[in-house]
Protein chains: 2
Amino acid sequence: RLPAKPAMVKFQPAESYWASVNAEIEASLRQAIPVKEPLVVFEPMHHLVSAAPPTTAPSLCIAACEVVGGRRDQAMAAASALLLMHAATYTHENLPLTDRPKIDHVFGPHIELQTGDGMIAFGFELLAKSIQPGQNNSDRILRVIIEISRAMGSEGVIDGQYCKILGTQSVGSDSCRVDWMKQAIEKIEGRLHACGAACGAMLGGGSEEEIEILRRYGFYVGMIQGMLELDKRKEKGSMEEVEELRNLALKELEVFESRKIEAISCFINV
Amino acid sequence: RLPAKPAMVKFQPAESYWASVNAEIEASLRQAIPVKEPLVVFEPMHHLVSAAPPTTAPSLCIAACEVVGGRRDQAMAAASALLLMHAATYTHENLPLTDRPKIDHVFGPHIELQTGDGMIAFGFELLAKSIQPGQNNSDRILRVIIEISRAMGSEGVIDGQYCKILGTQSVGSDSCRVDWMKQAIEKIEGRLHACGAACGAMLGGGSEEEIEILRRYGFYVGMIQGMLELDKRKEKGSMEEVEELRNLALKELEVFESRKIEAISCFINV
């Protein structure tokens, strides 16, 4: 009798996993957003979802689900909801209410405002509808709703946006302004990626320990991306700090078998 | 052996039920909204909830729960969420983005914008957290989340606000403008009260038939209030139509024992 073949290990280049999963999430969301009359109500949602800058929080959610042994479809609604929340935040942040640099607006500000509200509500609707028959996953989904609402709310994004405002208004030293910006990154990118990874793990059936490990991993991923963004805008994001965050992130993944972390570990290099 | 005493029937004046339930919902919500640092993030939520004009959708939710035999606390989270959604809608509608008549703003527009988003998210968090141990109510709560997100989203409030804009911009005849306004009332007040009543019935353990009856009753209640509001603003809300809506509403309640509808029937006269 021949020995069983060793399981094939699929190697993929770092960005391709992220890109392909992301495309899948976007396609799933496009299908979920109804296109019907009145078009003026439904069309802006499609437009504003694709107008937002890319984010890896939704695909990290899928990767975390897979790393704990879950199936991609189990985390798809949560990933779509995260994408909607991200797009709603971006839309509202860029309404012509503040003195931020202006972006192009296809729709009037009141339509963008209301569509943003609609996207938040629709994200929660998608989540609540993702009960799978016979899977008894209601309690997991309710837990994910709590996670996402907290990350979006005054403990996360809202608090972070306030830090950003303080940073922008800050008349003190440069280092003081950078401190506010880092706090904003912790509360926005950090918190959102932590939430995405934790939710993916919950939905994939991960243990409490795995959920918390992946939450910390997600936090580091979000921090890395925020810091790189600061650096791009020449705002003194230090590359040493980023390297340190990468090491901390990889350390969290040590509990998983090395062939399993192929996909999820690529997020520290996106 | 003495015959059992007949159950005491409590009579209360129409408004007192609404007022006392409303006070209870507001107290419950005040307790649920955290007050902690940074105050600038949490304080606006308290303020903006009480700044919104009164609405009966939350207390109708409680009344519907009670009329099907449920306990008040079973619908309290949903009622609080409805109050948050109403306040968020009002806050966003009155941001200085449009040429609507200006209202007083205690906070800057970006704080009000973000707090509104926070209130929507917090409403869903409250709902998701309202699982009661041993009551196996997760599926009911997920259903309520779907109901509320739809009523808030592009099938309800968002669509209605669009009708309002069309009505305001309408350069045609008066009757054309009133038609848009009525459509807006259907989608905002009508839909929100229908949703509130249906959710209350779901949470109180009502049958599918009772849920649909109360949904229709709620719709009429919302329509009545919207029409009276139009009339107050001299916008030709016709009193005959209101009377007709009252009759339709009361007809829906005929299936319930008359002593049970004491409280809920008062909503057509608020």
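**Entry 1: salt bridges overall**

I began with a tally of salt bridges and got 28 over all chains, taking a salt bridge as a side-chain nitrogen of Lys or Arg within 4 Å of a carboxyl oxygen of Asp or Glu. Since Glu125(B) lies in helix H5 (residues 109-129) of chain B and Arg150(A) in helix H6 of chain A, that pair joins two chains. I took helices from DSSP runs (H or I, at least four residues), numbered from the N terminus, with strands being E runs of at least two.

A note to myself on the source: this is a predicted model, where local features need pLDDT of at least 70 and side-chain atom pairs count only at pLDDT 80 or more, while totals for chains, interfaces and linings use all residues. Residues are numbered from 1 along each chain as its sequence is written, chains are lettered from A and ligands numbered from 1 in the order in which they are written, and side-chain values use heavy atoms, with hydrogens and water left out.

**Entry 2: the pair between the chains**

I looked up the distance for Glu125(B) and Arg150(A): their closest N and O atoms are 2.8 Å apart. Glu125(B) counts as buried at 5% relative accessibility, whereas Arg150(A), at 29%, counts as partly exposed. My cut-offs here were under 20% relative accessible area for buried, over 50% for exposed and partly exposed in between (1.4 Å probe, protein chains only).

**Entry 3: pairs within a chain**

Next I turned to Arg216(A), which forms a salt bridge with Glu252(A), the closest N and O atoms being 3.0 Å apart. This pair links distant parts of the chain: Arg216(A) sits in helix H9 (residues 208-232) and Glu252(A) in helix H10 (residues 239-252) of chain A, 36 residues apart. I found Arg216(A) partly exposed at 39% relative accessibility, and Glu252(A) buried at 15%.

In chain B, I checked Arg215(B) and Glu212(B), whose salt bridge has its closest N and O atoms 2.9 Å apart. Both belong to helix H9 (residues 208-232) of chain B, and because they are three residues apart, about one helical turn separates them. I also noted a network: Glu24(A), Glu66(A) and Arg72(A) are joined by salt bridges that share partners.

**Entry 4: how the copies are related**

Which rotation superposes chain A on chain B? I found 180°, with 0.0 Å of shift along the axis and an RMSD of 0.0 Å, after a least-squares fit on the C-alpha atoms of residues with pLDDT of at least 70 in both copies. That is the relation of a two-fold axis. Ser138(A) comes closest to the axis of the residues of chain A, its C-alpha lying at 3.0 Å.

**Entry 5: the interface**

I counted 42 residues from chain A and 42 residues from chain B in the contact, which means heavy atoms within 4.5 Å. The copies meet through the same surface, because 100% of the interface residues of chain A are also interface residues in chain B.

Between them the chains bury about 3900 Å², 73% of it on carbon and sulfur atoms; buried area is the accessible area (1.4 Å probe) that two parts lose on being put together, summed over both. Leu97(A), Gln114(A) and Leu142(A) supply 16% of what chain A buries against chain B, more than any other three residues.

My count of salt bridges between chain A and chain B was two. Helices H2 (39-51), H5 (109-129), H6 (138-152) and H7 (157-169) of chain A are the elements giving two or more residues to the side that touches chain B. H5(A) gives the most, with 13 residues.
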